[in-house]
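Visitor: I would like to go through this structure step by step. Please explain each term when it comes up.

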Amino acid sequence: FLLAGLPGLEGAHSWLAAALCSAYVLAVLANGAVLLAVRAEPGLHAPMYFFLCMLAAIDLALASATVPRTLCLYWLGSRRIGFGACLTQMFLIHALSAAESTVLLAMAADRYVAICHPLRHAAVLGGRATAKVGLLALARGVLFFLPLPLLLLPLPFCGPRRLSHSFCLHQDVMNLACANTTPSVVYGLTAILLVMGLDAVLICLSYLLILRAVLRLADWRERLKVFSTCVAHICVVLAFYVPLIGLSVVHRFGKDLAPLVHIIMGNVYILVPAVLNPIIYGVRTKQIQRTILSLIRI
């Protein structure tokens, strides 16, 4: 396959590569700092911060599966990617995105239990339960999205194999097949709805229950104090789902849009959560700030 550069803007490839590389380095440093801070500070050994570590690890893996190959495209002009490498990258992107969605749902459940049933929080979300959530997130991503590349393997591809992104996505690759892709279309849509779609619905439901519990409090200051513990998670959820929905809309309805829109939306989908997630929690959590600063001084 041929990965998409910036058509008509080849002279700007080096500048875009520099911006992508800077964002990738920032994502690696910020997520690495969160992982080190949670490991070093016993006060951060709580379910919410273990989930945050899972998010950081997933974001690092997702960015590392795509950005280095994209930098080769922009800096070295290497557009070709092998069929096997493309399917592997496609599987990693979708499976890791599913795992991130699962962890975000677990974080919403953590907020619900902490606010609505605080006395049961330690019993419901102990160390073992948190570890099981991490394993479940990975297993869910693999089981739901491993069939995607397997369904594409037997399909013939003819004509120009030009992708519309600088990395491989299922719908993008599938559209290049010159055979019946109905099973792949149906399964891909079903997997997305059963994982990301269901998770989004359950996250919204958990926050409706949290909002109901908060509104029952008599003092408005207490309401703000309780709900403020959810602000960081809400921002992280938006940072994940807004680019995901935007990319899906561009794929479904943006066939007449300029290729640049597809490329920008793809890079936003990959890098925005990886860059924003640790910054959001770093700004909102004083303990993470203090621990990172103490590690830097050492």
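Visitor: Is C158 buried, partly exposed or exposed?

Guide: This is a predicted model, in which local features need pLDDT of at least 70 and side-chain atom pairs count only at pLDDT 80 or more, while totals for chains, interfaces and linings use all residues. Residues are numbered from 1 along each chain as its sequence is written, and side-chain values use heavy atoms, with hydrogens and water left out. Buried means under 20% relative accessible area, exposed means over 50%, and partly exposed is in between (1.4 Å probe, protein chains only). C158 has a relative accessibility of 44%, so C158 counts as partly exposed.

Visitor: To which residue does a disulfide join C158?

Guide: A disulfide is a pair of cysteine sulfur atoms within 2.5 Å. For C158 the S to S distance in its disulfide is 2.1 Å, and the partner is C178. C158 lies in the loop between α6 and α7 and C178 in the loop between α7 and α8 (182–215), so the pair ties together parts that are 20 residues apart in sequence. The partner has a relative accessible area of 36% and is partly exposed; it is C178.

Visitor: Which residue forms a disulfide with C86?

Guide: The two sulfur atoms of this link are 2.0 Å apart, and the partner of C86 is C168. C86 lies in helix α3 (residues 83–116) and C168 in the loop between α6 (147–152) and α7 (170–174), so the pair ties together parts that are 82 residues apart in sequence. C86 counts as buried, at 0% relative accessibility. The partner is also at 0% and buried; it is C168.

Visitor: Is the link of C86 and C168 left-handed or right-handed?

Guide: The angle to look at is the one about the S-S bond. For C86 and C168 this angle is -120 degrees, and the link is left-handed.

Visitor: What pattern do the disulfides of the chain follow?

Guide: By the distance rule, the count comes to two disulfides. The bonded cysteines are counted along the chain, and the pattern is 1-3, 2-4.

Visitor: Why is C230 too far from the closest cysteine sulfur for a bond?

Guide: C230 is buried, at 0% relative accessibility. The closest cysteine sulfur belongs to C116, and it is too far for a bond because the distance is 8.9 Å.

Visitor: How many salt bridges does the structure hold?

Guide: A salt bridge is a side-chain nitrogen of Lys or Arg within 4 Å of a carboxyl oxygen of Asp or Glu. One of them links R111 and D110, with the closest N and O atoms 3.0 Å apart. R140 forms another with D199, where the closest N and O atoms are 2.8 Å apart. The structure's count of salt bridges is two.

Visitor: Which helix holds D199, the salt-bridge partner of R140?

Guide: R140 is buried, with a relative accessible area of 14%, and D199 is buried at 0%. R140 lies in helix α5 (residues 127–145), so the pair ties together parts that are 59 residues apart in sequence, and the helix of D199 is α8.

Visitor: Which helix gives the most to the nonpolar patch?

Guide: Patches are made of residues with over 30% relative accessible area and no salt bridge; like charges are joined within 9 Å, and nonpolar side chains (Val, Leu, Ile, Met, Phe, Trp, Tyr) within 5 Å. L26, L276, I279 and V283 make a nonpolar surface patch of about 320 Å². I279 is partly exposed, at a relative accessible area of 37%. With three residues (259–284 being the range of the helix), the most comes from α11.

Visitor: How many helices does the chain have?

Guide: Helices (H or I, at least four residues) and strands (E, at least two) are DSSP runs, numbered from the N terminus. The chain has zero strands, and its number of helices is 12.

Visitor: What is the radius of gyration of the chain?

Guide: The radius of gyration is taken over C-alpha atoms, and the globule rule is 2.2 Å times the number of residues to the power 0.38. For 298 residues this rule gives 19 Å, and the chain is close to that, so it is as compact as a globular protein of that length; its radius of gyration is 21 Å.

Note on methods
Areas by Shrake-Rupley, 256 points an atom, 1.4 Å probe, with all protein chains shown as cover.
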